[in-house]
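Colleague: I am new to this model and should like a close look at a single part of it. Could you then place that part in the setting of the whole, step by step?

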Amino acid sequence: MSDVIAALGLLLQPATLLMCFVGMLVGLVLGAIPGLAAGLAITVMLPISFTMEPTQAFALLMSIWVGGCSGSFIGSILLGIPGTPSSLATTFDGYAMTKRGEASRALSIGTLSNFLGTAPSIIIAMIACPLIAAIAVKMGPWEYFALSFMAITLVVSISKGNMVKGFVGAGMGLLLTQVGYSPISSTERFTFGSYYLSGGFSMSCVMIGIFAGSIIILNYAHNNKGPKSSFNGKLTGFHIPKEDFLTNIPNIIRSFGIGLGIGFLPGMGAALSNMVSYATAKNSSKNPEKFGTGIADGIWAPEVANNASVGGAVIPMIALGIPGDGTTAMLLGGLTIHGIEPGPLMQKNNPVFCYMIFLSALMAALLCLLVEIFGIKWFPKLLDAPYHFLYPAIMVLCLLGVYIETYNVASIIMACFFIALGLYMNYAGIPTTPFILSFVLGGQMETYFRKAISYGKGDWTLFFTRPVSCILLLVAIGSVVLPIVKEQLAKRKAAN
Amino acid sequence: MHRDRIVGVITTLLGAAIAFLTATRVAASNMPGDPGPRVFPYISAGILILCGLILAIRKPAGEAKPFLQGVEKKRFLVIIGVIIVYVVLLWAFGFVVPTFAMVMLLCLMFGKEEKVPVWQAALYAAIITGIIYVAFVMLLHLRLPVGKLL
């Protein structure tokens, strides 16, 4: 409890509160604009946050994440175009409600749903993380290797349409972690005698290249400027009819559970949870035919679920050091930049800092609620994003951000290499999430693997004779094999 | 050739190059019981070769959508060129002038259809350059490129 109070003391410092507010606002704006996302803001801020106090840096990064998850519903409701895929299902009923002239009601439901999803899920994460970490510290390198391996295969297995390309992405990410000195034996690998490569590739260079630089270049090439706000209706302010809330309490609780659970699984997250909870709400409804016509149930379900996924994703990130998606991978990278080793020992070694992460997310959720309640009338303005102003600033900030890591233009050249790699991956259709996850986990995976073999005196079978490791590896293998078997069976069925 | 096949060939060649470099350039471990620093590069190479071969050999699913079409190719090359020139100028002349020029140019490029006036782009570039300088140098006490030729 004293750790929580100490963390609260840190959070309530004016500079930290300011970071929470600024981060939440940046995330909210970028999350609302279709084509941009909070992940982009985290990418830009990652190298800059290096110069800040870790508590302030993480208050900023977590607030961007929370704000970004929250903001994406605005585009869904007002334009019928989600800011990010996490609010895709919200378009079905949210936009229908807007077309009926009830945009204020839809936005109000979305606003409250965001808070009801995020805040309790963070509180649950706050309680669950120390418990899970206490169990996780008892695990050996066999289990950690298996856990990291499972996280990557789960992400690969849901690679859109092409698992082989998912594996190519994972292989490339893994390969890039091997540039520089190897763990344990400090053997030089793939540096080609270059001083600049001996330290390996920095997280910021990779993130900026893959996520920001290449996206801006392609948006310019394709002349993508996002939709202009076509909303001409009148917004009256925050108001939710009592029955909209009371009749949806079971729906809210169910959607919260779905979001929390899906958020916990690597590779799933908000983009999946909003669809699953919408489908579940529809299937459990007495009036499923009304879904899609603009009913409150169809907004509560996806918006509570996608925001509950935040808390779900925080649990493996803090308790196990396993990222669930690109954004959590960046946050984990941020921890490494600040010299904090993610994983179960983090909770033990830095309890105040861990609670500070949770509390800053809670604070961001609260600030988000207040800003959305009082700023509801300005939501349409957010969607008229001046891309010609945003993109140049982001591009310059990205390149200067990587410069300040080393004070060397070589870092910018490295970032340019990753921009080129990002463009190639886009051309080749290689998904970025397996790549990033492998890049984040690759180094520690190799350490765990080599330690496991060394501790077992060369005995590889220990990976399968230790129960937890065996279960995790079986899940990993199953996640890859089962979709292939299913596909083959479906093909045979279709042929017969 | 279908794009998947091209990607397959590139991936296979990359995997083969990594396997070759690992065998010839990475020292084996002399620690007893340690599988050594070659194992993971070999695993990466194995994944890339196997997946590359699958992509190169299997029948591609449908026609690939063109990556860039017509004028998009020109726009793509222009923005790549602008970024390369910016990096060179940053190295040569430091932060202030190249950043101002880069933001202004990108602003005009992205805002071509909106017909963003030059004065507006210049004002915006000056504001952004100023904000970055104040935030990085004065508030965060960081250094920005000063230029090798100045």
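**One glycine and its surroundings**

Modeller: In this predicted model, A:G257 is partly exposed, because 16 other C-beta atoms lie within 10 Å, while a buried residue would need 20 or more and an exposed one 12 or fewer. A:G257 belongs to helix 11 of chain A, which covers residues 249-264. As a reference point elsewhere in the chain, one may take A:I135. It is separated from A:G257 by 122 residues in sequence, and the two C-alpha atoms are 23 Å apart in space.

The setting of this glycine is a chain of 22 helices and two strands. The C-alpha atoms of chain A occupy a box of roughly 70 × 60 × 55 Å along the principal axes. For 496 residues, a compact globule would have a radius of gyration near 23 Å, and the 22 Å found for chain A therefore agrees with that expectation. Of these residues, 61% count as buried. Among the contacts of chain A between residues at least 6 apart in sequence, 79% join residues that are at least 24 apart.

Helix 5 of chain A, residues 90-99, shows what burial looks like in this chain. Nine of its 10 residues are buried, so the helix is largely enclosed by the rest of the structure. The buried residues include A:F92, A:D93, A:G94 and A:Y95. Their packing partners in chain A are helix 4 (54-78), helix 6 (103-136), helix 12 (270-284) and helix 13 (297-319). Just after helix 5 of chain A comes another glycine, A:G101, which has a positive phi of about 90 degrees.

Two packed helices are described by the angle between their axes and by the distance between those axes. Within chain A, helix 2 (residues 14-32) and helix 3 (residues 38-49) pack at about 135 degrees, with axes 7 Å apart. These two helices of chain A are therefore oblique to each other. On the side of helix 2 of chain A the contact consists of A:V26, A:G27, A:L30 and A:G31, and helix 3 of chain A contributes A:A38, A:L40 and A:A41. By class, this contact has five nonpolar residues, two polar and no charged.

A comparable description applies where chain A meets chain B. Helix 9 of chain A (residues 203-221) and helix 3 of chain B have axes that come within 8 Å and cross at roughly 140 degrees. This pair is therefore also oblique, and the crossing is right-handed. Chain A brings A:I217, A:Y220 and A:A221 to the contact, while chain B brings B:E72, B:R75, B:F76, B:I79 and B:I80. Six of the residues in this contact are nonpolar and two are charged, with no polar ones.

Taken as a whole, the interface has 50 residues of chain B in contact with 43 residues of chain A. On the side of chain B, at least two residues each come from helix 1 (3-25), helix 2 (39-57), helix 3 (71-93), helix 4 (96-110) and helix 5 (118-139). Helix 3 of chain B supplies the largest share, nine residues. The side of chain B that touches chain A is made up of 39 nonpolar, six polar and five charged residues.

Definitions and conventions. Residues numbered from 1 in each chain as written. Chains lettered and ligands numbered in written order. Predicted model: local features only at pLDDT ≥ 70, side-chain atom pairs only at ≥ 80, totals over all residues. Helix = DSSP H or I, 4+ residues; strand = E, 2+ residues; numbered from the N terminus. Rg over C-alpha atoms; globule rule 2.2 N^0.38 Å. Contact = placed C-beta atoms within 7 Å. Nonpolar A, V, L, I, M, F, W, Y, C, P; charged D, E, K, R; others polar. Axes fitted to C-alpha atoms, helices over the stretch in contact; angles between N-to-C directions. Parallel < 35°, antiparallel > 145°, perpendicular 65-115°, else oblique. Left-handed = near helix turned anticlockwise from the far one by under 90°.
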